[in-house]
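Subject: Structure handover

Hello,

Here is the structure for your work. The notes on what was found in it come below.

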Amino acid sequence: MHLAYFPGCSAKGSSLDYELSTQAVLNALGITVWEIDDWNCCGSTPAHAVSTELSSALCARNLDLAAKAGADQLLTPCPSCLSNFRATAKRLEDPDFREKVNALLDTPCAETLPPTSSVLQAIGELVDCETLAKKATISLKGLKLVAYYGCLMSRPPELMHFEDPENPMLIERMLEALGAEMLDFPLKTACCGAAFGIPKRPLTAQNSGRILELAANLGADAIVTCCPLCQMNLDLRQAQAEKAMGRHFGLPVPYFTQILGLALGIAPQDLGLAKLVVPMDALLPKLAPKTSAPNA
Amino acid sequence: MPCRQLIHHMEAAFPPRPSQRAIHAEYSMNETIRLSKSSSPGVAASPSFSQEVASTSKQPIHTCYQCGNCSAGCPAAFAYDLQVNQIMRAVQLNQKDLVYRAKSLWLCLGCATCSLRCPNNIDVACVMETLRHMARAEKKATVPVVEKFWLSFLNMIRTFGRSYEIGTMVLFMLRSLRLTTDVDLAPQALVKRKLGLLPHTHQGREAVGRIFTRFHELQCKAREGR
């Protein structure tokens, strides 16, 4: 299967650690992906806030590149890019809309586009938890974690097709199979405040603060994420959230790929762990090589 | 689903603190919108507004029966001047001015919790986005700082084809005259090299620039035709 890969802009900047750990984990799991040449920004929220046609034209160019390269599927680590791609593919089914988008493009978009998926969903589909556990060399036993999915991984459900839209469990199943204790986290699909940290900080500080506060109250060692923007709001902006909530959290916010990578025996530097603003160094001594036989 | 119940318990356990409540609430959450209050004196409702929103968003606006689920789950509700269920009601009542005046339109986080929990399957987030498009077309963005951020971001995409965070920030600070935006984050962001100092270069940037050029040309034509 020819899997095309769309890293998204944050992978080359603010979430370089997500990109590093994604590549390392895909490699360790034997999943080969190929980055599409010359991809462009999906337009993120600003493009669809300004115009549906503009947003879809930016996405259609990428989908078209993947289609013309013969991709069977297009994977992206970023839920926001995925959401924009899926919304675009759906809208392009309407011939009138397609015509408007084609009018913005150099060449008309390919008629048949490859399906799109998140790296998280693809790993879940290609590697079952039992295989994952067999491949792991390090046990996550002793780690108490919460999984935080954010808004776009599961919403809107008719586009995202990702488990129960208010209670996805994929990260929990994966990390539990690797030994971690996964706590029930009621705010797992709540909004972190998105990109409003820049124009309207209280929206982000308050919403991220609530998520951090609940995770801290539950006694979690870390919040495991799958979205670059959520991760930035909870990690880089954690001090702003602490100010809004009037308390200190000091909670590490790694990507699920970083935790998977640790379990698969990948070195911390190859997972970009040093890039976490709230370090998770204190948790690493808890990790030990698996001693017991599989299934024990 | 136990998790869903838990969410409601948690939301009840963490109410917004007084300082974070809406600064200026013209309507309380449960107040029905009265026609006499919602329009400025002498300004009639815009008769086709509801229809226009329904046809542009392709959403069955008329089926909203004010259950309030959208507002109950809205993570930005604490900052809204008009709650999202009130916006839906105002749209049904053709209260265009009231809707366009609402700061809430521009504070919507786009998380789509409202859409997920609507018992009538109205994609409320899509209605909010449609209203933003319509308000922008009439140059009525009531929270300009949000619009300035979007446009700064899009300027970078137009120029470089991909997002360029530092460029977006600089442009936004200049446009909004908020020169200290996020300076508290700069030390960590730079030490951890969270920001690329230079934009990524790739060949597709020119093709992306042409998408924007065509988009602006079509927008200008549409404006002339109106």
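**Chain A: overall fold**

Of the contacts in chain A with a separation of 6 or more, 80% are between residues 24 or more positions apart. Please keep in mind that this is a predicted model; its scores are ipTM 0.92 and pTM 0.90.

Chain A contains 13 helices and nine strands. Its radius of gyration is 19 Å, which agrees with the value near 19 Å that a compact globule of 296 residues would have. Along the principal axes, the C-alpha atoms of chain A fill a box of roughly 55 × 45 × 30 Å. Of the 296 residues in chain A, 62% are buried.

**Domains of chain A**

The domain assignment splits chain A into domain 1 (3–119) and domain 2 (128–289). Taken over C-alpha atoms, the centres of domain 1 and domain 2 of chain A are separated by 24 Å. The contact between them involves 22 residues of domain 1 of chain A and 26 residues of domain 2 of chain A. On the domain 1 side, the elements giving two or more residues are α1 (16–28) and α4 (79–91) of chain A. The largest share comes from α1(A), with nine residues. By class, this side of domain 1 of chain A has ten nonpolar, nine polar and three charged residues.

**A three-stranded sheet in chain A**

One open sheet of chain A has three strands in the order β7-β6-β8, with parallel pairing. The edges are held by β7 (181–182) and β8 (222–225) of chain A; each has a single partner strand, so one side of each has no neighbour in the sheet. Strand β6 (residues 144–148) of chain A pairs with β7(A) in the parallel sense over two bridges. In this pairing, Leu145(A) stands opposite Met182(A) in β7(A).

**Interface between the chains**

On the chain B side, 55 residues are in contact with 54 residues of chain A. The elements of chain B that each supply at least two residues to its side of this interface are α1 (2–13), α8 (113–117), α9 (124–137), α10 (144–160), α11 (165–176), α12 (186–191) and α13 (205–225). Among these, α10(B) gives the most, with seven residues. The class count for the side of chain B that touches chain A is 30 nonpolar, 14 polar and eleven charged residues.

One residue to look at is Ala189(B), which is in helix α12 of chain B. With 20 other C-beta atoms within 10 Å, Ala189(B) counts as buried, because the cut-off is 20 or more. Leaving aside neighbours within four places in sequence, Ala189(B) is in contact with Leu236(A) across the chains, and with Lys194(B) and Leu195(B) in chain B.

**Confidence in chain B**

Chain B has a mean pLDDT of 84, and 81% of its residues reach 70 or more. Over residues 16–26 of chain B the pLDDT is below 50, and this stretch has 14 contacts in the model beyond near neighbours in sequence. Residues 35–42 of chain B also have pLDDT below 50, with ten contacts beyond near neighbours in sequence. Predicted coordinates should not be read in detail where pLDDT is low.

Regards

Note on methods. Residues numbered from 1 in each chain as written. Chains lettered and ligands numbered in written order. Predicted model: local features only at pLDDT ≥ 70, side-chain atom pairs only at ≥ 80, totals over all residues. Contact = placed C-beta atoms within 7 Å. Helix = DSSP H or I, 4+ residues; strand = E, 2+ residues; numbered from the N terminus. Nonpolar A, V, L, I, M, F, W, Y, C, P; charged D, E, K, R; others polar. Domains from an automatic or database assignment. Pairing = 2+ DSSP bridges. pLDDT = per-residue confidence, 0-100. Rg over C-alpha atoms; globule rule 2.2 N^0.38 Å. Buried ≥ 20, exposed ≤ 12 C-beta atoms within 10 Å, placed from the backbone.
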